[in-house]
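Here are my notes on this model, point by point. Please read them with the coordinates open.

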Amino acid sequence: MLKEIHFKNWKSFKNATLYIDQITVLIGTNASGKTNLVEGLEFLRRLINGKEVQTALVGDSSLSSIRGGLEWAALKPENKFTISLLVEGNENTDYFYSVTVELVSNQAEIFAEQLTYIKYNPDSKEHFIKIKRTDVDSEINFAFEADYSNKEKIYNPESLLALSNPHFSILSMQDRFRHLPIPEKIKVGINTVIDVVQNIFVLNPIPANMRNYTPLSSHLSCDASNIAGVLANLPKDKNIENILSSYLKELPQGDIRRVFAEPVGKIGNDAMLYCEEEWKNGETILIDAHTMSDGTLHFLAILVALLTRPEGSQIVIEDVDNGLHPSRIGLLFKIIKDIGEQRNIDILVTTHNPALLDNLGPEMVPYVEIVHRHIETGTSQITLLEEIDNLPKLLASGTLGRITMHGKLEKSLNG
């Protein structure tokens, strides 16, 4: 699982670390930099999935651009940015992956890339194994290096020059060097980081896109537009329909009896989302997605993502409470926590909604991080809520939602 994400000169961030837990709540005002963090993860996912670095930033016919494209990818006046991940391994090990991108003359190229294996041993120093892209002016552009407490070094110069392509991540080209005599720990590290990054899913439900007929599909799209096709394509033995319906019944109105999707048409390749409403007089009404409320569709999209993504995934939900009535937010957050724990899914949510913050109990304080702008430089920073010196005094003056609504957290952080 992801443990930390580091940003250096990425968009509005000079140097910041985002700590990841099973559930992480990212709060901050508009334009504080929350979305920049999410886009950094999305960029990294595209890169590891084999997209050319420039395409990962500016998009193509099938991929939207990261906001600001090349021009605003690096913090002005810098022309390089670095995004790094600390990934949890097995048996007291971690993997640290880092990639630096250089932006010159409207072109993006990978300037440096490194994967480090870290073995934590209380009786000795840490052990490192690296796969790295060396300086671009070096005779050998790629090298595998093993360093076991400086006792042994192994360099594999077997012309990794053939892999020298500054437009693609080394990790995305793993099939090309799989045959090389690379240490097993490096192979495990490569696969571990790839699996973690590829399982990052950024969800931003758009209810207007969820109301139409959609083809049967195996994976939920980032805007949840194909939710009907995903649900209709699920094996009946997964019982997800019953789980969804049981959660939706807990909504304050209590009028939803069943939510389901079915193939439609003679061929049956498309599907529609349906909902059965049951009222106190016993009458049952069947409606389709065209009639469902935005809040219900948003709620449903989050549940489907939590129930269909692979176990061990990282789900990022932007504006998790968007379109939801305040009375539904507490229920949604409880469901997110419960399903995340049950399915071993780490969840990062962004919000600036006081109602959601007021639903966080004291036990959630260590998992809340604040994105804010430095009062003098304007750069974005990340601060753990529990590290605010006068937090007890602030909370004594009101709930977390109330002090956030009045800007007291930002005032405290800016001294």
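1. Helix H1 gives the largest share of the lining of the largest pocket, 6 residues. H1 spans 34-48, and strand S10, at 200-203, also supplies at least two residues of that lining. Keep in mind throughout that this is a predicted model.

2. How much space lies in the largest pocket? The value is about 580 Å³. The lining counts 25 residues, and those closest to the pocket centre are Glu42, Arg46, Ser64, Val202 and Cys222. By class, the lining holds 9 nonpolar, 8 polar and 8 charged residues.

3. Arg46 deserves a second look. Arg46 is among the residues closest to the centre of the largest pocket, and threonine 55 touches Arg46 too. Threonine 55 sits in helix H2. Its other contacts, leaving out residues up to four places away in sequence, are Asp60 and Leu63. Is threonine 55 buried or exposed? Its relative accessible area is 16%, under the 20% cut-off, so threonine 55 counts as buried.

4. Next, the enclosed space. The structure holds 1 cavity of 30 Å³ or more. The largest cavity has a volume of about 40 Å³. Met1, Leu2, Val196, Gly312, Ser313 and Gln314 line it. That lining divides into 3 nonpolar and 3 polar residues, with no charged ones.

5. Now the backbone. Most residues other than glycine have a negative phi, and most peptide bonds are trans. Three places here deserve a check against that background. The peptide bond joining lysine 76 and proline 77 is cis, with omega at about 5°. Proline 77 belongs to the loop between helix H2 (53-58) and strand S4 (80-88).

6. The other two places concern phi. Asparagine 9 is not a glycine, yet its phi is positive, about 60°. Asparagine 9 lies in strand S1, residues 2-10. Lysine 11 is not a glycine either, and its phi is also positive, at about 55°. Lysine 11 falls in the loop between S1 and strand S2 (13-19).

7. Are asparagine 9 and lysine 11 buried or exposed? Asparagine 9 has a relative accessible area of 7%, so it counts as buried. Lysine 11 has 9%, so lysine 11 counts as buried as well. I would like the text to give these values beside the phi angles.

8. Helix H6 covers residues 240-248, and its buried residues are Ile240, Leu244, Ser245, Tyr247 and Leu248. Why do they line one face of the helix? Seen down the axis of H6, the buried residues fall within an arc of 165°, and therefore they share one face. An α-helix has 3.6 residues a turn, so residues three or four places apart point the same way.

9. What covers the buried residues of H6? The cover includes helix H5 (227-233), strand S12 (256-264), helix H7 (294-308) and helix H8 (326-343). A figure of this part would help.

10. Two of those covering elements hold residues to inspect. Phenylalanine 260 is in strand S12. Its relative accessibility is 6%, so phenylalanine 260 counts as buried. Outside four places in sequence, its contacts are Glu241, Met272, Leu273, Tyr274, Glu276 and Leu286. For glutamate 276, the C-alpha atom is 8.6 Å from that of phenylalanine 260, with the two positions 16 residues apart along the chain.

11. Glutamine 342 is in helix H8. Buried or exposed? At 58% relative accessibility, above the 50% cut-off, glutamine 342 counts as exposed. Its C-alpha atom is 10.0 Å from that of leucine 307, and the two residues are 35 apart in sequence.

12. Finally, the chain overall. The chain has 12 helices and 18 strands. Of its 415 residues, 51% count as buried. The exposed area is about 19400 Å², and carbon and sulfur atoms supply 48% of it. Among contacts between residues at least 6 apart in sequence, 57% join residues at least 24 apart.

Conventions:
Residues numbered from 1 in each chain as written. Predicted model: local features only at pLDDT ≥ 70, side-chain atom pairs only at ≥ 80, totals over all residues. Heavy atoms only, no water. Helix = DSSP H or I, 4+ residues; strand = E, 2+ residues; numbered from the N terminus. Buried < 20%, exposed > 50% of the residue type's maximum accessible area, 1.4 Å probe, protein only. 1 Å grid on protein atoms, 1.4 Å probe; cavity = no way out; pocket = protein on both sides within 12 Å on 5 of 7 lines; lining within 4 Å. Points joined across faces, edges and corners; volume = space filled by probe spheres on them. Nonpolar A, V, L, I, M, F, W, Y, C, P; charged D, E, K, R; others polar. Contact = heavy atoms within 4.5 Å. Areas by Shrake-Rupley, 256 points an atom, 1.4 Å probe, with all protein chains shown as cover. Arc of directions from axis to C-beta.
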